[in-house]
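Good morning, and thank you for coming. I would like to take you through one structure, beginning with its ligand and ending with the backbone. Please look at the display before we proceed.

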Amino acid sequence: MKRDLLGIKQTSAEDLLAILSHAKEMKQIVLSQRKRIPNLSGRTVVTLFYENSTRTRLSFELASKYMGANAANITASGSSVAKGESLTDTAETIDRMGTDILIMRHSMSGAPNLIAPLVKASVVNAGDGMNEHPTQALLDAFTILEKKGKIEGLKVAIIGDIYHSRVARSNIYLLTRLGAEVSVGGPATLLPVGLEQLGVKVFKSVHEALVDADVVMCLRIQLERQKSGLFPSVREYNRFFGLDEGRLRFAKPDAIVMHPGPVNRGVEMSTAVIDGAASVIDEQVTNGVAVRMSVMDWLIGGLEK
Ligand code: CP
């Protein structure tokens, strides 16, 4: 039976831990001079993105190439999607061309779940609406493990627009499953009802969420949300919820600071924090390639050897 990665929620802890463990080996390949292993030799990986991306799309493409696969990319604007072809017809067309792994991003929550049963290829959710972004959470967890040596017992503060964030949801599922204590903080309009049922502590002020945090994860403010009146202005957001050096002092002195990218400098974080000693944002980007290599190896059964 083929494997898909549709979300953290429906993936077993055993599989998630196996992916995280194997990513250590894959990182050595990413950091080496000769980035080439045969694990996906002869396989075809296609990225199908209906939304913009730099990190996720490029890291899947590079990961595929480092593993010897044939890699191709399709975006909605440059394909027959722009002529009105449906998502299911597009995915089935890609599948018929011998695709082994289909990486997809779509604005509709559940789009990968719709496609997975229709295609022979293994489907990876590279972000679906407000639902999940599982490889982002995996690369975040991998980065925390690298920096802190563990996840169990750590206090992780997630700050910002929780409501619209698939990154927040996947991280909450993964980090609570691995034993972290997760706090969330942000404007009341961007904190969805029922968050506590996911096992997190909810704060309407940033400093309360930050107290004694080992890990601070800021989320991108989706500027288009301002038009919906969910927060008054970018300047006001920064004043009350932005992470600067003063607010960071509420966290532990050795706290690490994370952001999935792209960052709005001076909005969700100050430049001093983004480029400061606590920031691991650059490592997150590198780890994204390693974790996505590990995910694709897992999809084809390569971790069972
Ligand atoms: N973090 C993330 O998903 O970034 P991209 O939108 O650039 O892929």
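The ligand in this predicted model is surrounded by Ser 53, Thr 54, Arg 55, Thr 56, Arg 105, His 133, Gln 136, Pro 260 and Gly 261. Sorted by class, that shell comprises one nonpolar, six polar and two charged residues.

Which atoms of Arg 105, and of the ligand, lie 3.0 Å apart? On the protein side there is a polar side-chain atom of Arg 105, and on the ligand side an oxygen atom. With Pro 260, the partner is a polar backbone atom, which is 2.9 Å from a nitrogen atom of the ligand. Gly 261 also takes part through its backbone, with an N or O atom that lies 3.2 Å from a nitrogen atom of the ligand. As for burial, the ligand taken alone exposes 250 Å², and the protein buries 90% of that area.

Let me turn to the pockets. Where does the ligand sit? The ligand occupies the largest pocket, which holds about 560 Å³ of space. This pocket is lined by 24 residues, and the closest to its centre are Arg 105, Arg 166, Arg 220, Gln 222 and Pro 262. Arg 105 therefore appears twice in this account, since a residue belongs to the ligand shell if one of its heavy atoms lies within 4 Å of the ligand, and Arg 105 is also among the residues closest to the pocket centre. Two helices, α2 (55-66) and α6 (166-177), each supply at least two residues of the lining. By class, the lining of the largest pocket has five nonpolar, 12 polar and seven charged residues.

The second largest pocket has a volume of about 280 Å³. Its lining is made up of 24 residues, with Arg 55, Ile 281, Asp 282, Gln 284 and Val 285 nearest the centre. Two or more residues of that lining come from each of α2, α5 (134-148) and α11 (281-299). Which element gives the most to this lining? That is α11, with eight residues. The lining of the second largest pocket divides into 10 nonpolar, eight polar and six charged residues. Arg 55 deserves a second look: it is part of the shell around the ligand, and it is also listed among the residues nearest the centre of the second largest pocket.

Finally, two points on the backbone. In general, most residues other than glycine have a negative phi, and most peptide bonds are trans. Gly 261 and Pro 262 are joined by a cis peptide bond, with omega about -5°. Pro 262 is placed in the loop between β9 (256-258) and α10 (271-274). Asp 212 has a positive phi, near 60°, and lies in the loop between α7 (206-210) and β8 (215-218).

Thank you for your attention.

Definitions and conventions:
Residues are numbered from 1 along each chain as its sequence is written. This is a predicted model: local features need pLDDT of at least 70, side-chain atom pairs count only at pLDDT 80 or more; totals for chains, interfaces and linings use all residues. Side-chain values use heavy atoms; hydrogens and water are left out. A polar contact is a pair of N or O atoms within 3.5 Å; within protein, one must be able to donate a hydrogen and the other to accept it, and residues adjacent in sequence count only if both atoms are side-chain atoms. Accessible areas come from the Shrake-Rupley method with a 1.4 Å probe; for residues, only the protein chains shown count as cover. On a 1 Å grid over the protein atoms alone, a cavity is a set of points where a 1.4 Å probe fits but cannot get out, and a pocket is an open set with protein on both sides within 12 Å along at least five of seven lines; lining residues have an atom within 4 Å of a point. A molecule sits in a cavity or pocket if more than half of its atoms lie within 2 Å of its grid points. Ala, Val, Leu, Ile, Met, Phe, Trp, Tyr, Cys and Pro count as nonpolar, Asp, Glu, Lys and Arg as charged, and the others, Gly among them, as polar. Grid points are joined across faces, edges and corners, and a volume is the space filled by probe spheres set on the points. Helices (H or I, at least four residues) and strands (E, at least two) are DSSP runs, numbered from the N terminus.
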